[in-house]
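Reader: I have a structure here that is new to me. Can you walk me through it?
Author: Put it up and ask away.

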Amino acid sequence: MGFTMGLNFVLLLVMVATNILSLYHLSSTVQSPNPPPPVPVPHHLLRQLNTIRATINHLTRHNPSSSSTTAEPSSAVPRDLILHSQIGPIASSCHNHPDLLHRYMNYTPFSTCPYDPDLQETLILNGCHPLPRRRCFSRTPSKPPSSLPLTHFPTSLPDSGVIWNKYSCKSFACLSQNNPTGFDLNAQRSSLQKYTSELDLPLTQFMQLAKSANSPIRLGIDIGGGTGTFAALMKKSYNVTMLTTTMNVNAPYNEAVALRGLVPLHVPLQQRFPVFDGTMDLVRCGRAVNRWIPLSVMEFMFYDVDRVLRGGGYLWVDRFFSKAVDLEKIYGPLIGKLGYKKVKWAVANKTDPSGLKHGEVYLSALLQKPVSKS
């Protein structure tokens, strides 16, 4: 019944949109005996029609057969998905992946949630965020650690703080051995504190620059911060609270950040930062922000950085890499649109095999947002 009403409503929308489109064409042709060349259909009308068409396809694809028995067919829309669509937002990109979404929402309410981190990551990375599963209990490790690290740079992290089922490595020692850049907790520590090339900005120098500009650093976001080493160093050395956005792609990055006593944000790059406007003193873009990100996603991200930064706050771009020609013609102008003051802007060749093959360069930049915008 609910499905039929929903489909009827959508069909009504189709009729209305079609009539509007027809009137638009008529109004552009009947005013003259010699009709002018066809007028292009406005993009907003095309978008509305495409949205309606996609909705019809989605609903009809998952419509339970009217002749079905009392057993609910596997293709039926999960009940909790319907319920959630009535009381909470579902990102529009979720509807672009109905099969994944239905797999994710096929669970038993009031019981333990299915353990499917790989499915969650796939949905989130495709823009389906926030995830709509709500009425189940999250799984926790069977033997949680009896004690947690009291320092942000522990000698090791407790393996019992992670559910390892879906990962090839089953311990942090394995991850540190196979991915030392990501899981050696001290790997990035020295690089953030010393100056070895023009691309480096030691934390002591950054904090001195901020102090001399009378721009205190207290709160910030580290985008694509991995296991949280930058946030750990800022907290330990300067008592600065940094939120770390990170994804669990093939490894438990979020758990690692939390086990260090830091705050992970499990959000993709295209997601709006879950903080209020003008509240951050610093936003740092680590190496996860690079030329592999779609340009539209990167543009939205930089404008959301502007949204959360306070006047006088800093955007720190740390070793962004791209082709040299793209930095000059695309990414440099994109960043320039923000209208920030260039405190540092350093470009150097990327000398690894990929960089040499594709003519890539690194950009390290420190940009300050104007104190006020009107």
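**Pocket and sheet**

Author: This is a predicted model. In its second largest pocket, the lining residues divide into 15 nonpolar, 15 polar and seven charged.

Reader: What volume does the second largest pocket have?
Author: About 910 Å³.

Reader: And which residues of the lining are closest to the centre?
Author: Of the 37 that line the pocket, those are Gly-224, Gly-225, Gly-226, Arg-287 and Ala-288.

Reader: Which elements give two or more residues to that lining?
Author: Helix H7 (180-183), helix H9 (229-238) and strand E5 do. E5 gives the most, with three residues.

Reader: Switching to the sheet. What is the order of its strands?
Author: The order is E3-E2-E1-E4-E5-E7-E6. The sheet is open, has seven strands and shows mixed pairing.

Reader: Which are the edge strands?
Author: Strand E3 (263-265) and strand E6 (341-349), each of which pairs on one side only. Neighbouring strands in this sheet are turned by 15 degrees against each other on average, direction ignored.

Reader: Back to E5. How many bridges join E5 to E7?
Author: Eight, with E5 (residues 309-323) and E7 (residues 360-368) running antiparallel. Among the bridge partners, Lys-323 is matched with Glu-360 in E7.

Reader: What does helix H11 touch on the sheet?
Author: Helix H11 (residues 295-308) touches strand E1 (219-223), strand E4 (280-285) and E5, and its direction makes about 155 degrees with that of E5.

Reader: And where does helix H12 lie?
Author: Helix H12 (residues 324-336) lies across E5, E6 and E7, at about 165 degrees to E5.

Conventions
Residues are numbered from 1 along each chain as its sequence is written. This is a predicted model: local features need pLDDT of at least 70, side-chain atom pairs count only at pLDDT 80 or more; totals for chains, interfaces and linings use all residues. Side-chain values use heavy atoms; hydrogens and water are left out. Two strands pair if DSSP finds at least two bridges between them. Helices (H or I, at least four residues) and strands (E, at least two) are DSSP runs, numbered from the N terminus. Axes are lines fitted to C-alpha atoms, for helices over the stretch in contact, and angles run from 0 to 180 degrees between N-to-C directions. Contact means heavy atoms within 4.5 Å. On a 1 Å grid over the protein atoms alone, a cavity is a set of points where a 1.4 Å probe fits but cannot get out, and a pocket is an open set with protein on both sides within 12 Å along at least five of seven lines; lining residues have an atom within 4 Å of a point. Grid points are joined across faces, edges and corners, and a volume is the space filled by probe spheres set on the points. Ala, Val, Leu, Ile, Met, Phe, Trp, Tyr, Cys and Pro count as nonpolar, Asp, Glu, Lys and Arg as charged, and the others, Gly among them, as polar.
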